[in-house]
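Could you walk me through this structure in the viewer, one stop at a time? I am new to it and would like to know what to select next and what is there.

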Amino acid sequence: MIENPDMLDYGVYLKCDQLLSCQKPLKELATADELQFQIVHQVEELWMKLMTFTLVEIIEYMQQKQSHRVITLFGRVHRLQRMMVDQLAVLETMSPKEYQQIRLQLGNGSGQESPGFRMLLKLPNDLWKAFETHYLDEGKISIEDIYDEHYAHDEKYTVAEALIEYDELFQLFRWRHLFLIHRSIGLGSDSLKGRPVDLLQEGAKKRFFPKLWDIRNHMTNKWGSEYGKVRPSISGKS
Ligand code: HEM
């Protein structure tokens, strides 16, 4: 890449020349909407790069039990996840016909090949391992201890809640993306890999940290043995 000699410090530092040449030249666009299609995907890849980097930092801080850092950095990851969800809406300004014109350009590419997404699918294993080892004392402390039996709203609890928020927002991205597909190509169609698009619903049901979800059912059933039966009305009218 030949550096633009007119570039000032801002552009040199941010490598604007390279960044702005990562999209198709304007005259090669299949339709005007293709520019936003490429940019939204590229921006989301950048956010996923930052999330991956931050999650690796989080794992290291979990290993050192630096919980304040863990929570602050999770706050960053959660914000990035919300942005990723919101940004999908930009693509809903594209008409189904214009998307069909763009789709002809994509070969048999699929979001499932996204390098950022693939990394994010792998990292939860290491996050959970770090949580079990350093916060659950190698499994000697149970999730029930943290949430119910010995509930203290302590660092174990706040880190667990940060983990479940990551899981929830990840699922939210998958569901929101399904609505985007619903709106652009329809859920009854096939992907460019020839698979029914509908299969994505299975992925959207996946949970990274099932124990953190299951504790809620467990507690409701346990506490419900006291209140889950029909009780006397508090108004006295029914
Ligand atoms: C109009 C816009 C879009 C359409 C029509 C669309 C369509 C699809 C389809 C059909 C699949 C399934 C592929 C397969 O079975 O191989 C898929 C997967 C995926 N797409 Fe998109 N997509 C769009 C935008 C985006 C954007 C902006 C992102 C941003 C990162 C994205 C990320 C993904 C990911 C990560 C997957 C894999 C999801 C999973 O395994 O749960 N997509 N997309």
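Here is a short tour of a predicted model, going from the ligand and the pockets to a cavity and then to three single residues.

**Stop 1: the ligand**

Start by selecting the ligand and showing its surroundings. You will find 25 residues around it, the closest being S110, Q112, R174, H177 and R195. Now show the side chains of S110, R174 and H177. A polar side-chain atom of S110 sits 2.8 Å from an oxygen atom of the ligand. R174 also places a polar side-chain atom 2.8 Å from an oxygen atom of the ligand. With H177 the partner is a nitrogen atom of the ligand, and the distance to a polar side-chain atom is again 2.8 Å.

**Stop 2: the largest pocket**

Next, hide the ligand and turn to the open spaces in the protein. The largest pocket has a volume of about 1200 Å³. Its lining is made up of 38 residues, and those closest to its centre are H41, S110, G111, Q112 and H177. S110, Q112 and H177 may be familiar, since they are also among the residues closest to the ligand.

To see which helices frame this pocket, colour α3, α5 (96–103), α8 (155–184) and α9 (200–204): these are the elements that give two or more residues to the lining. Helix α3 provides the largest share, 8 residues. What kinds of residue line the largest pocket, by class? There are 20 nonpolar, 12 polar and 6 charged residues.

**Stop 3: the second largest pocket**

Now select L19, L20, C22, Q23, I39, Q42, V43 and L46, which line the second largest pocket. The space inside comes to about 210 Å³. Helices α2 and α3 each supply at least two residues of this lining, with the largest share, 4 residues, coming from α3. Colour the lining by class and you should see 6 nonpolar and 2 polar residues, with no charged ones.

**Stop 4: the cavity**

A rolling probe the size of a water molecule shows where empty space is left among the atoms. In this model the count comes to 1 cavity of 30 Å³ or more. It holds about 60 Å³ of space. To find it, select M48, M51, Q81, M84, F117, L120, L169, F170 and F173, the residues that line it. The elements giving two or more residues to this lining are α3, α4 (67–87), α6 (115–134) and α8. Here the largest share, 3 residues, belongs to α8. By class, the lining has 8 nonpolar residues, 1 polar residue and no charged ones.

**Stop 5: S114**

Keep M48 and F117 in view and add S114, which lies in the loop between α5 and α6. Is S114 buried or exposed? S114 counts as buried because its relative accessible area is 10%, below the 20% cut-off. Draw a distance from its side chain to the backbone nitrogen of F117, and the viewer should give 3.0 Å. Leaving out residues up to four places away in sequence, S114 touches E45 and M48.

**Stop 6: Q87**

Move on to Q87, in helix α4. Q87 is counted as buried because its relative accessibility is 19%, and the cut-off is under 20%. Which residue's side chain is joined to that of Q87 by a polar contact of 3.4 Å? The partner is W47. Show V40, V43, E44 and W47 together: Q87 is in contact with each of these, its neighbours within four places in sequence set aside. V43 is one you have already selected, as part of the lining of the second largest pocket.

**Stop 7: L29**

Finish with L29, in the loop between α2 (16–20) and α3 (33–63). Its relative accessible area is 18%, so L29 is buried as well. Select K24, E34 and L35 to see what L29 is in contact with once its neighbours within four places in sequence are left aside. Then add Q105 and look at the C-alpha atoms: L29 and Q105 are 76 residues apart along the chain, and their C-alpha atoms are separated by 9.6 Å.

Terms used
Residues are numbered from 1 along each chain as its sequence is written. This is a predicted model: local features need pLDDT of at least 70, side-chain atom pairs count only at pLDDT 80 or more; totals for chains, interfaces and linings use all residues. Side-chain values use heavy atoms; hydrogens and water are left out. Buried means under 20% relative accessible area, exposed over 50%, partly exposed in between (1.4 Å probe, protein chains only). Contact means heavy atoms within 4.5 Å. On a 1 Å grid over the protein atoms alone, a cavity is a set of points where a 1.4 Å probe fits but cannot get out, and a pocket is an open set with protein on both sides within 12 Å along at least five of seven lines; lining residues have an atom within 4 Å of a point. Grid points are joined across faces, edges and corners, and a volume is the space filled by probe spheres set on the points. Ala, Val, Leu, Ile, Met, Phe, Trp, Tyr, Cys and Pro count as nonpolar, Asp, Glu, Lys and Arg as charged, and the others, Gly among them, as polar. A residue is near a molecule or strand if one of its heavy atoms lies within 4 Å of it. A polar contact is a pair of N or O atoms within 3.5 Å; within protein, one must be able to donate a hydrogen and the other to accept it, and residues adjacent in sequence count only if both atoms are side-chain atoms.
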